[in-house]
Amino acid sequence: MQLPYAQDLRHCFEPELREQDLARTGATLARLKAAVGTGQYAFLDQPDRRDDVAAIRAAAAAFDGFDTILLLGTGGSSLGARTLAALVDGGLGLWKRGGRRLVVAENVDPFGFEKLLAALDLKSTGVLAISKSGGTVETLAQLHALLPHLEAAVGAAKTAKHVTVVTEPSDNPLRRVADRFALPTLPHPPTLGGRYSVLSVVGLLPACLLGLDIEALRGGARQARDAGLAAAETSLPAHGAALAAALAAEDHTQTVFCAYVDALGPFGQWYAQLWAESLGKGGKGTTPLRAVGTVDQHSQLQLWLDGPADKLFTIVSQASLGRGARYGEATLADPALAYLAGRTMGDILDVAARATAETLARRGRPVRLMTVETLDETSLGALLMHFMLETVIAADLFGIEPYEQPAVEEGKILARRYLQGMANP
């Protein structure tokens, strides 16, 4: 099967040591492959789903006429949408297509949220509130802060036309808000963890609102899933997981995801949550770090080359040779810039990525290269599935359960206790 992305491990750890861990992935792949279609691991089944497409499109159509879509959510409820939206604006944070823009509010910073409310025309704004559990305090706090302003702007009778809620089908605080205000709701798959939910309604509804091809996203993910579960020898996610495990055993405690294309900048944030929350347990796991080239050549490369040799580097790039503005001698008019004559902006990006990878490799740093010919819905869906599979396979190699986050839940409980203990004004 020809995948829409490629992986190159030539500049990595000694193959024979990596292959010891690769051999251990066979049982994991067999278990995951047997589980496809059974619902046991819900993220594996999302690429085959058709039953939710009509509801997603109907929910998107209900926002027709709104110039702005405000997404309230955090973590897995927002990072996937941000990653998909980057296909629209090239990762510049504009998230706008066809006169409609997406605004993502993730934090409970009152100063920023007040500025956001002041900047929005709520009469032309649709609101999408997402929380799997329905108890995420940030999302509930944002929605409760917004609703009085929305009612004042459009009237109580029209508020429900502006808001859609996504949460699991259970009695929870967010669903009770939806019931109280008669807000339309869509079900978050109850067995699908937030950081694995990008190919469900959580990511696909925002994608649909921006005009992206949600079938192609799932189609690319299906290609990567089927190829990734076929056999350990040919599985790109299994090779990536084996590399991470082998290097972790050699005291490589950090993994750097560096995208040499702006549109994959948000992908690095999505990946960081996926890897950190899935594997950081019981003193195990490695720390994910996000970087963007060429920006971080000017801020982190010195450390990467001359600091601790404790990092695995994944450099992701899109074919860029010959793309963008071409520079002529008359335009440059400076002998010092003669090396740019006849070159394009895409040429500069390409050689920067190659030079960084080769320099790191010469310093003995393990560097994995991942490339896409075209970054579109199909290739992005494939990359998303690749890293979900790689994470789950790595969890087995580390001896970790990848789907829960007990330490995070402990912090949430403590935060609620602090709030309950505060004196009322």
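Which residue in strand 4 stands opposite threonine 68? In this predicted model, the residue that stands opposite threonine 68 is arginine 101 of strand 4, and the close-up views below begin with the sheet to which this pair belongs.

**View 1. Strand 2 is paired with strand 4 and with strand 5.**
Strand 2 covers residues 68–72, and five of its five residues are buried. It runs parallel to strand 4 (residues 100–105), and five bridges join the two. Strand 2 also pairs with strand 5 in the parallel sense, again over five bridges, and here leucine 71 stands opposite leucine 128. In general, the strands of a sheet pair through backbone hydrogen bonds, and they may do so in a parallel or an antiparallel way.

**View 2. Both faces of strand 2 are covered.**
In a regular strand the side chains alternate between the two faces of the sheet. On one side of strand 2 are Thr68, Leu70 and Leu72, while Ile69 and Leu71 are on the other, and all of these residues are buried.

**View 3. Six strands form an open sheet with mixed pairing.**
Read across the sheet, the order of the strands is 3-4-2-5-6-7. Strand 3 (96–97) and strand 7 (185–187) stand at the edges, and each has a single partner strand, so one side of each is left without a neighbour in the sheet. Strand 5 (residues 125–130) pairs with strand 6 (residues 163–167) in the parallel sense over four bridges. Leucine 128, which faces leucine 71 of strand 2, also stands opposite threonine 164 in strand 6.

**View 4. Helix 7 holds both a buried threonine and a partly exposed valine.**
Threonine 139 lies in helix 7, and with a relative accessibility of 1% it counts as buried. When neighbours within four places in sequence are left aside, threonine 139 is in contact with Leu72, Gly73, Thr74, Ala129 and Ile130. Valine 137 lies in this helix too, which spans residues 137–154, but at 43% relative accessibility valine 137 counts as partly exposed. Together with Leu419 and Met422, Val137 makes a nonpolar surface patch of about 300 Å².

**View 5. Methionine 388 belongs to the largest nonpolar core.**
This core has 87 residues, and the members that touch the most other members are Phe43, Phe267, Trp270 and Met388. Helix 17 (residues 377–398) gives the most to the core, with 14 residues. Not counting residues up to four places away in sequence, methionine 388 touches Phe43, Tyr196, Val198, Leu199, Trp270 and Leu274. Another core lies apart from this one and has 24 residues, among them Val103, Leu122, Val165 and Leu183.

**View 6. Serine 200 is buried in a loop.**
The loop that holds serine 200 is found between strand 7 and helix 10 (201–209). Is serine 200 buried or exposed? At 0% relative accessibility, serine 200 counts as buried, the cut-off for a buried residue being under 20%. Leaving aside its neighbours within four places in sequence, serine 200 is in contact with Gln46, Pro189, Leu192 and Arg218.

**View 7. Alanine 182 and aspartate 251 have positive phi angles although they are not glycines.**
Alanine 182, with a phi of about 55°, lies in the loop between helix 9 (173–181) and strand 7. Its relative accessible area is 55%, and alanine 182 is therefore exposed. Aspartate 251 has a phi of about 70°, and its place is in the loop between helix 12 (236–248) and strand 8 (254–260). At 59% relative accessibility, aspartate 251 counts as exposed.

**View 8. A cis peptide bond joins glycine 293 and threonine 294.**
The omega angle of this bond is about 10°. Threonine 294 lies in the loop between strand 9 (287–292) and helix 14 (301–306).

**View 9. Threonine 359 and leucine 301 are 58 residues apart in sequence.**
In space, the distance between threonine 359 and leucine 301 is 9.8 Å, taken from C-alpha to C-alpha. Threonine 359 is found in helix 16 (residues 345–362), and with a relative accessible area of 33% threonine 359 is partly exposed.

How values were computed:
Residues are numbered from 1 along each chain as its sequence is written. This is a predicted model: local features need pLDDT of at least 70, side-chain atom pairs count only at pLDDT 80 or more; totals for chains, interfaces and linings use all residues. Side-chain values use heavy atoms; hydrogens and water are left out. Patches are made of residues with over 30% relative accessible area and no salt bridge: like charges are joined within 9 Å, nonpolar side chains (Val, Leu, Ile, Met, Phe, Trp, Tyr) within 5 Å. Accessible areas come from the Shrake-Rupley method with a 1.4 Å probe; for residues, only the protein chains shown count as cover. A salt bridge is a side-chain nitrogen of Lys or Arg within 4 Å of a carboxyl oxygen of Asp or Glu. Buried means under 20% relative accessible area, exposed over 50%, partly exposed in between (1.4 Å probe, protein chains only). A nonpolar core is a set of buried Ala, Val, Leu, Ile, Met, Phe, Trp, Tyr and Cys residues joined through side-chain atoms within 4.5 Å. Contact means heavy atoms within 4.5 Å. Two strands pair if DSSP finds at least two bridges between them.
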